[in-house]
Each structure stands twice: as structure tokens, then as C-alpha cells.
Amino acid sequence: MRLVINKADFDDTKVDLAAAFRLGLGEPLPVSAEHGTGETELRNAILAALGPLPAEAAASATKTAADPLCVCFIGRPNVGKSSLSNRLLQSDRLIVSPTPGTTRDSVELPFDFRGRDGNLYPFRLIDTAGLKAATKLATPVEYFSRLRSLDAIRKTDVVFLVLDGVDGVTQQDKAIAGEAIKERKPIVVVVNKWDLVRQAFKSDGGFAPYKNERDYREKYEHALFERLYFTPGAPLIFVSAMSGYEVDRMLNSAVKLNRMLDLKLTTARLNKVLGYLTERTPPPSVGGKRFRIYYATQTGNRPFRIKLFCNREEQLTESYRRYLEAGLVDEFGLNGCPVYFDLVGKEKPEPGMSFTALRESQEKARRVAPAPKWRSREGTEENLHHETIED
Ligand SMILES: Nc1nc2c(ncn2[C@@H]2O[C@H](COP(=O)(O)OP(=O)(O)OP(=O)(O)O)[C@@H](O)[C@H]2O)c(=O)[nH]1
Ligand SMILES: [Mg+2]
């Protein structure tokens with residue numbers, strides 16, 4: 001335990017540290033949350049108490065081929081996340097019940113999977129608590145379960161978004177998909193309880209107005225992609241945790257997506273593809289000005305991060321961003337992997353900026369961004385500085 005005295009806004013003479021010492025709780029640490037004094041000392045004390053990083057955690061800071069592929073199941077309560085987890089783990093470890101809200105905390109478990117190629121892939125699976133709308137959280141436990149579910153998304157390589165095959169696509173599914181998209185994670189869309197759909201069409205008269213299972217499936221798929229936005233090419237799999245139908249396909253998809261996430265997009269080809277895309281469909285003109293890309297380079301993976309040197313970053317509309325993302329995904333075969341654009345616009349003079357300050361800022365921009373001649377720069381990528389996410 002460390003004794004921390006807050007609101008120690010004045011110098012030491014005015015804070016009665018002697019009285020604090022007399023409490024017998026060791027050396028007191030005077031801090032001021034408002035003014036930030038003592039923050040460094042407090043931070044150092046916390047780090048010292050925590051000790052060095054465990055070797056395992058330090059080693060996993062960068063991902064290698066031998067690291068387990070981390071996947072998580074997210075979705076509304078009761079869609080079958082724990083049932084699917086049990087199916088993959090080939091055990092009854094996780095509690096399954098018809099009562100929504102059974103899983104209260106994220107559970108992380110390792111397992112191995114033999115892929116289609118015959119190789120053994122180590123996985124780490126996180127089963128999460130069903131996500132409710134933030135406005136419907138009734139207890140603090142639900143609030144913290146939600147935080148832990150969102151945290152699981154951040155930690156994983158590939159997200160399995162689970163939907164209920166009988167309930168159809170709901171507004172809440174859309175909100176949950178949004179959480180994974182916000183974190184720019186590749187998503188495998190998993191529609192569970194397909195055994196019930198099959199059963200219904202086989203012997204229980206089906207669901208009106210759908211003609212048969214295939215018709216229902218097609219309409220489901222249509223509704224899904226119409227209502228929810230996913231990175232183009234996101235895999236969609238109809239499964240049954242109950243019967244095991246198509247469950248292996250989920251993992252094969254995750255292995256494939258995970259492999260794609262490490263691809264390096266060469267600068268020459270990237271610029272060529274963007275040149276072609278902007279020529280085929282020029283950006284819309286916003287307020288009489290058109291968005292222009294001068295030069296692009298990949299600066300990171302997981303997610304794909306592309307630095308775009310452009311005229312005005314604010315001119316890139318969301319629909320055109322999606323068009324560029326879809327074009328890159330298609331050209332480089334990155335199906336289902338989100339692409340993030342990091343925009344670097346030319347500096348604009350601030351009103352009242354002095355001439356010298358303007359020249360200085362222009363000089364700085366010139367040093368950072370290569371000259372806007374990207375079309376003629378094919379094949380010269382080795383001369384250019386490749387930044388990483390850490391930059
Ligand atoms: N018929 C059928 N029922 C299923 C399937 N998967 C899950 N269920 C049932 O659906 C109910 C909920 O399953 P769970 O696995 O607990 O669902 P969950 O998404 O983990 O639920 P929460 O932990 O509450 O968020 C249980 O009664 C399961 O038996 C399936 O593929 N087919
Ligand atoms: Mg559960």
C-alpha cells in the first residue's frame with residue numbers, strides 16, 4: 001500500500017506531511033490531481049510496485065507467425081457465442097443457457113486447430129458477454145461486462161460477429177458491428193442456429209413469406225449487407241453450434257484473414273492503383289474544390305494503414321473513402337481487411353499568419369511530403385522512407 005495525499009497544491013512547507021507520516025502507512029506521496037504535481041513520482045511508484053513485465057508479455061509485444069491467432073465472439077445476448085466457443089474447444093467449459101446475459105465476463109481460452117492445409121494453428125479464443133445497448137444497462141455488472149467485451153475486440157486479430165439465424169438482423173447487431181469496425185478489425189459474420197432454419201423448412205412449414213431455405217438465406221444475406229457496413233469481402237458463414245454445421249469454416253476464414261493482415265503493399269503498385277481508381281471515378285467536388293491524392297505509402301499493418309499525401313484532407317467524403325478502400329481491397333485481394341487512411345494535407349495559411357511563418361510551414365510540409373509527382377515515381381520506393389505505426 002502507498003499513501004497518496006491529493007490536493008497538495010502548495011509547496012511542501014504548507015502540506016502537513018509529518019501528520020501523514022504519523023498514520024504509519026509509510027512514506028506519503030504528495031500529489032495534485034488538478035495541477036499534475038507529483039504525477040511522475042506517483043507513476044514511478046506504481047511501476048516499481050508492479051515490477052518488470054513478465055517475459056511472456058514482453059515477448060508478445062510484436063506478433064510472430066508462432067503467436068496464437070486471437071479471435072473473439074461478440075454479439076447480442078443469447079445468439080450462441082458460448083455454444084460456438086464450446087464447439088471449438090470441444091468441451092462444455094463455458095456455461096450455456098436460454099437465459100440472455102448468461103456470460104458476465106470475457107473468458108480467454110487457448111486451443112489448437114488443424115487447418116484445411118493440414119497445419120496445426122494455435123488459437124486464443126475470447127468468449128464475451130452479450131452486448132446490450134448502452135442505454136439498456138441496468139446494473140454496474142452489465143456496465144463492466146460491456147467494457148470487457150469492448151476490450152476483447154481491441155485485443156483480437158479477427159472478430160466473429162455472431163447473429164441469430166431466426167431473429168434476423170437487428171438494430172443492435174448494427175451497433176455491435178460498429179464497435180468492431182471502429183477498431184478496424186477484420187470481421188467474420190457468423191449466422192448461428194441454422195439448424196432451426198433448416199428444421200423449419202424441412203418439416204415445420206418454414207417461415208412466411210420465404211419459399212425455401214435458400215430463398216431465406218439469400219434474403220438474410222441481402223438484408224445483412226444492406227443494413228450493416230462491412231469491409232468489402234467480409235466472409236459470411238451460416239453455422240450451427242448445436243450440430244457443428246460449418247463451424248470449421250469460421251476458423252479457416254480467420255486463418256486466411258490473419259495471413260492477409262501481414263501483407264506489404266508496394267508503394268509503386270499502391271500509387272498505380274490509386275491513380276487508376278481516381279481516374280476511373282474522380283472524387284466529387286466539394287464546395288468547388290476537388291480532393292486530390294499526390295502520393296501514398298503504407299505505414300503499417302493490423303490494420304492496413306496508408307498515408308495519403310493530398311491537397312485537403314477535409315475534402316475526402318466518407319463515400320469516396322469507402323470507394324478507395326473497396327478498390328484497394330479488390331486490387332490487392334485483401335478481402336475483409338479494413339484499410340485506414342492517414343491523411344496529410346498541404347498546410348493552409350492561417351488568417352493573419354506572417355509571410356515568414358507561412359514560408360516556414362510550407363518548407364516543413366515540403367520536407368515531410370515527397371513532391372507531388374507520384375505518377376512518375378513508379379519503382380522508386382526503395383529511396384523513400386517507409387514509416388511504421390510507431391512513427
Ligand atoms: N438450436 C440451436 N440453439 C442454439 C445454438 N447455439 C446456441 N443455442 C441455444 O441458444 C441459447 C443461448 O446460447 P448461449 O451459447 O448461452 O448464448 P450466448 O450468446 O453465449 O449468450 P450470453 O452469454 O447470454 O450473451 C442456449 O439455449 C443454447 O442452447 C444453435 O446452433 N442451435
Ligand atoms: Mg455466453
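**A walk through the sheet, its edge and the ligand shell**

Strand S6 is mostly covered, with six of its seven residues buried. This strand is a convenient place to enter the structure, which is a predicted model. In the protein as a whole, which has 391 residues, buried residues make up 28%, and the chain is organised into 12 helices and 13 strands. Of the contacts with a separation of 6 or more, 68% are made by residues that are 24 or more positions apart.

S6 belongs to an open sheet of six strands, arranged in the order S4-S5-S3-S6-S7-S8 with mixed pairing. At the edges stand S4 and strand S8 (236–238), each of which pairs on one side only. From one strand to the next, the twist averages 25 degrees. Strands of a sheet pair through backbone hydrogen bonds, and they may do so in parallel or antiparallel fashion.

On one side, S6 (158–164) has S3 as its partner, the two strands running parallel and joined by five bridges; within this pairing, Val71 has Val158 of S6 as its bridge partner. S6 also runs parallel to S7, to which it is joined by six bridges, and here Phe160 is matched with Val188 in S7. To pass from S6 to S7, the chain goes through helix H6 (residues 171–182), and the resulting β-α-β crossover is right-handed.

At the S4 edge the pairing takes the other form, since S4 and strand S5 (residues 120–127) run antiparallel and are joined by eight bridges. Helix H4 packs on the sheet, where it touches strand S3 (69–75), S4, S5, S6 and strand S7 (187–192), and its direction makes about 155 degrees with that of S5.

A single residue of the edge strand, Asp112, shows what this pairing looks like locally. Asp112 lies in strand S4 (residues 107–114) and stands opposite Pro122 in S5. Although Asp112 and Pro122 are 10 residues apart in sequence, their C-alpha atoms are 4.5 Å apart in space. When residues up to four places away in sequence are not counted, Asp112 touches Leu120, Tyr121, Pro122 and Phe123. Is Asp112, with these contacts, buried or exposed? Asp112 counts as exposed because it has 9 C-beta neighbours inside 10 Å, and a residue with 12 or fewer falls in that class.

Helix H4 leads on to the ligand. Ligand 1 is surrounded by 24 residues, of which the closest are Gly80, Ser82, Ser83, Thr103 and Gly130. The elements that give two or more residues to this shell are helix H4 (81–89) and helix H7 (194–203), and the largest share, three residues, comes from H4. H4 thus appears twice in this account, as a helix packed on the sheet and as a contributor to the shell around ligand 1. By character, the residues of the shell divide into 12 polar, nine nonpolar and three charged.

A last stop is Asn6, which is placed in the loop between strand S1 (4–5) and helix H1 (17–21). Leaving aside neighbours within four places in sequence, Asn6 is in contact with Val31, Ser32 and Ala33. The C-alpha atoms of Asn6 and Val31 are separated by 5.0 Å, while the two residues are 25 residues apart along the chain. Asn6 counts as partly exposed because 13 C-beta neighbours lie inside 10 Å, a number that falls between the limit of 12 or fewer for exposed residues and that of 20 or more for buried ones.

Conventions: Residues numbered from 1 in each chain as written. Chains lettered and ligands numbered in written order. Predicted model: local features only at pLDDT ≥ 70, side-chain atom pairs only at ≥ 80, totals over all residues. Helix = DSSP H or I, 4+ residues; strand = E, 2+ residues; numbered from the N terminus. Contact = placed C-beta atoms within 7 Å. Near = placed C-beta within 6 Å. Nonpolar A, V, L, I, M, F, W, Y, C, P; charged D, E, K, R; others polar. Pairing = 2+ DSSP bridges. Axes fitted to C-alpha atoms, helices over the stretch in contact; angles between N-to-C directions. Right-handed = clockwise from strand over helix to strand, strands pointing away.
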